[in-house]
Amino acid sequence: MEQAGTVLAGRIAERRAGVGDPRALVGEMRRSVLLVPLVDGGLWSARSGGVRWVCAFTDEAALARFALLHVPGGRSVDHAALLGARIVDEVVPSLGEPAGLAVDIATEGGAMFFPPVVGIVPDRAAVDTGEGVRA
């Protein structure tokens, strides 16, 4: 699990540096097991810019940084380990609103966002097809 997250973190760093293939980044996200914090029986998410973002982390260190900032006392947070593909193919469409995936939101370089567009989420959940959900 940690190795896949490390590979995804590396692909994210490449994109931030202006190199690397965006398709390879999406492919790596889909293959990676991500850690998603749990809150009130559901997955932790946040709304911004009219999109609900499911928050996920590439490894336990990234999740711990998040907990320090967002969990009272910085205590550990319960989480689910989910394949990135499951998040974008199943979870995101089930939310019934424009939704995407935000990875490593507490990382120094900032989060990597996988928005609700064709090629990342199923067409029925994409906002750029005319078929996708509307807020």
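These legends accompany close-up views of a predicted model.

**View 1. The aromatic pair of W44 and F66.** A search of the whole structure returns 3 aromatic pairs. In one of them, W44 and F66 meet edge-to-face, with 4.8 Å from centre to centre and 85° between the planes. The pair joins distant parts of the chain, since W44 sits in the loop between β2 (42-43) and β3 (45-48) whereas F66 belongs to helix α3 (residues 60-70), 22 residues apart. F66 has 0% relative accessibility and therefore counts as buried. W44 and F66 also belong, together with F57, to one aromatic cluster.

**View 2. The aromatic pair of W53 and F113.** The ring centres of W53 and F113 are 4.9 Å apart and their planes stand at 70°, so this pair is edge-to-face. Here too distant parts of the chain are linked, with W53 in strand β4 (residues 51-56) and F113 in strand β7 (residues 112-114), 60 residues apart. Are the two partners buried or partly exposed? W53, at 12% relative accessibility, counts as buried because the limit for that class is under 20%, while F113, at 43%, counts as partly exposed.

**View 3. Helix α3, its buried side and its N-terminal cap.** The buried residues of α3 are A62, L63, F66 and A67. Because they cover an arc of only 145° around the axis, they lie on the same side of α3. These buried residues pack against β1 (33-39) and β5 (79-83), whereas the face of α3 turned away from the buried side carries the exposed residues L68 and L69. At the N-terminal end of α3, D59 acts as the cap, with a side-chain oxygen 3.2 Å from the backbone nitrogen of A61.

**View 4. The largest nonpolar core and the surroundings of L101.** In soluble globular proteins, nonpolar side chains tend to be buried together. The largest nonpolar core of this model has 24 residues, and among these M29, I87, L101 and F114 touch the most other members. Two or more residues are given to this core by each of α1 (2-16), α2 (22-31), β1, β4, β5, α4 (84-94), β6 (99-103) and β7, and the largest share, 4 residues, comes from α4. Which residues does L101 contact, leaving aside its neighbours within four places in sequence? They are M29, L34, W53, V54, A56, I87, V88, M112, F113 and F114. A second, separate core of 11 residues includes L35, W44, L63 and V71; W44 is thus a member of this second core as well as a partner of F66 in an edge-to-face pair.

**View 5. The open sheet of β2, β1 and β5.** Strands of a sheet pair through backbone hydrogen bonds, either parallel or antiparallel. In this open sheet of 3 strands the order is β2-β1-β5, and the pairing is antiparallel. The edge strands are β2 and β5, each of which pairs on one side only. Strands β1 and β5 are joined over 5 bridges in the antiparallel sense, and P37 has H79 of β5 as its bridge partner. Between β1 and β2 there are 2 bridges, again antiparallel, and L38 stands opposite L43 in β2.

**View 6. D40 and D104, two loop residues with positive phi.** Most residues other than glycine have a negative phi, and most peptide bonds are trans. D40 departs from that tendency, with a positive phi near 50° in a residue other than glycine. The residue lies in the loop between β1 and β2, within a hairpin that has 2 residues between its strands. D104, which is not a glycine either, has a positive phi of about 60° and is found in the loop between β6 and β7. Which of the two is buried and which is exposed? D40 is exposed, with a relative accessible area of 82%, whereas D104 is buried, with a relative accessible area of 7%.

**View 7. The buried serine S32 and its polar contact.** S32 is situated in the loop between α2 and β1. With a relative accessible area of 0%, S32 is buried. The side chain of S32 reaches the backbone oxygen of E28 at 2.7 Å.

Notes
Residues are numbered from 1 along each chain as its sequence is written. This is a predicted model: local features need pLDDT of at least 70, side-chain atom pairs count only at pLDDT 80 or more; totals for chains, interfaces and linings use all residues. Side-chain values use heavy atoms; hydrogens and water are left out. Rings of Phe, Tyr and Trp (its six-membered ring) pair if their centres lie within 6.5 Å; planes under 30 degrees apart count as stacked, over 60 as edge-to-face and the rest as tilted. Buried means under 20% relative accessible area, exposed over 50%, partly exposed in between (1.4 Å probe, protein chains only). The arc is that of the directions from the helix axis to the C-beta atoms. Contact means heavy atoms within 4.5 Å. A polar contact is a pair of N or O atoms within 3.5 Å; within protein, one must be able to donate a hydrogen and the other to accept it, and residues adjacent in sequence count only if both atoms are side-chain atoms. A nonpolar core is a set of buried Ala, Val, Leu, Ile, Met, Phe, Trp, Tyr and Cys residues joined through side-chain atoms within 4.5 Å. Two strands pair if DSSP finds at least two bridges between them.
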